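Here is a walk through one strand and its neighbours, followed by a look at the cysteines. Keep the structure open beside you as you read.

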Amino acid sequence: MKIHEKYISRCIQLAKNGLGTTFPNPMVGSVIVHKGKIIGEGYTSPYGGAHAEVNAVNSVKDKKLLTEVTLYVTLEPCSHYGKTPPCADLIIKHQIPNVVIGLLDPHEKVAGKGVEKLKAAGCNVIVGVLEKECREHHKRFLTYHIKKRPYIILKWAETADGFIAPSQDKRRNNPEPYWISNPYSQQLVHQWRSQEQAILVGTNTVLADNPKLNVRHWKGQNPIRIVLDRELKISNKHNVLDGSIKTIIITAHLPKNPQHGITYEVIDFENNLAIQICTILHKHEILSVIIEGGAKTLQSFIDSQLWDEARIFKGKSQFEEGLKSPRIHGFLEKETQIESDILTLLKHD
């Protein structure tokens, strides 16, 4: 492995520590190298905190060495004021002579301006080291700024005979939630929730299962809850309206008595649902979302070609009748056995 690739690879490794905490900022990693030795490292703090380059510079004990180092970073240093000052200015202030960047930032406020600023100050700048790997790492941020929508992950569990929910008769006889996947798979789902900014479900999922949509089986931040409720059928007895987590209700009309602490967004349910939902999520600066159901909601995203990954659990149980699982085609990335379940990961072609 070439020397620049070695250190950008370390930057990506560091950056993953910010997964689920930096939204709407990207999770960036940075390494500072002096004469073949790493003397500083950092990754993006939770939103509102310091960026990766700041944390890396602050970790260097002897600041005098900064005039002789190379700074590596997964994404172009910012050149504008946001919650924090521009990272490009910090690099220039410390007279860091060499900067190696994995990927240019597509954000309209950056988009090459960071590199221009560094070069104008006399920095030697290299761009595009491990670009493919950095692009994969920053997929949420890139999708949001380039495609103007969140990175979309579809997730469901289906029985061995291809159903995601039992028949209404079966539910009437036994109204308890029907778990298709095993406890290990369920815990993994909670880990995923902690990594993404939002989670979305339809009305029927809430009415049938009364989910909390939190990360109680994993340590991390709860995702923003997005609930489709066309006719405002969901009541205060349902967990999604308990006010404990930021929640957005997408409906056909505003309620006469809005629930305190809940945000309402109106769409036209007669037109393309997936496109309208993406527009709302983009407006709320949501970079990633897990679509957890139900079948109609999932299928609407599939049919609109608005998805990036699908994570599908297949359990051992059989319903024989009920609600069929969505129909999907994609690139098979991986299959994993989780005790009695098979997890299939698909990427959109």
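Strand β10 runs parallel to strand β11 (residues 262-266), and 5 bridges join the two. To find a point of contact, go to I248 in β10: the bridge partner of I248 in β11 is T263. Bear in mind as you look around that this is a predicted model.

Now turn to strand β9 (residues 224-228), which also pairs with β10 in the parallel sense, here over 4 bridges. A handy landmark for this pairing is L228, whose bridge partner in β10 is I250.

With these pairings in view, how many of the residues of β10 are buried? The strand spans residues 247-251, and 5 of its 5 residues are buried. The cover extends to both faces of β10. On one side you will find T247, I249 and T251, while I248 and I250 lie on the other, and all of them are buried.

Let's move on to the cysteines. A disulfide needs two cysteine sulfur atoms within 2.5 Å, and by this rule the count comes to 0. Why does C11 form no such bond? The closest cysteine sulfur to that of C11 belongs to C134, and because the two are 7.8 Å apart, they are too far from each other for a bond. C11 itself is buried, with a relative accessible area of 0%.

C123 is in no disulfide either: the nearest cysteine sulfur, that of C87, is 13 Å away. C123 has a relative accessibility of 10%, so this residue counts as buried, the cut-off being under 20%.

Note on methods: Residues numbered from 1 in each chain as written. Predicted model: local features only at pLDDT ≥ 70, side-chain atom pairs only at ≥ 80, totals over all residues. Heavy atoms only, no water. Buried < 20%, exposed > 50% of the residue type's maximum accessible area, 1.4 Å probe, protein only. Pairing = 2+ DSSP bridges.
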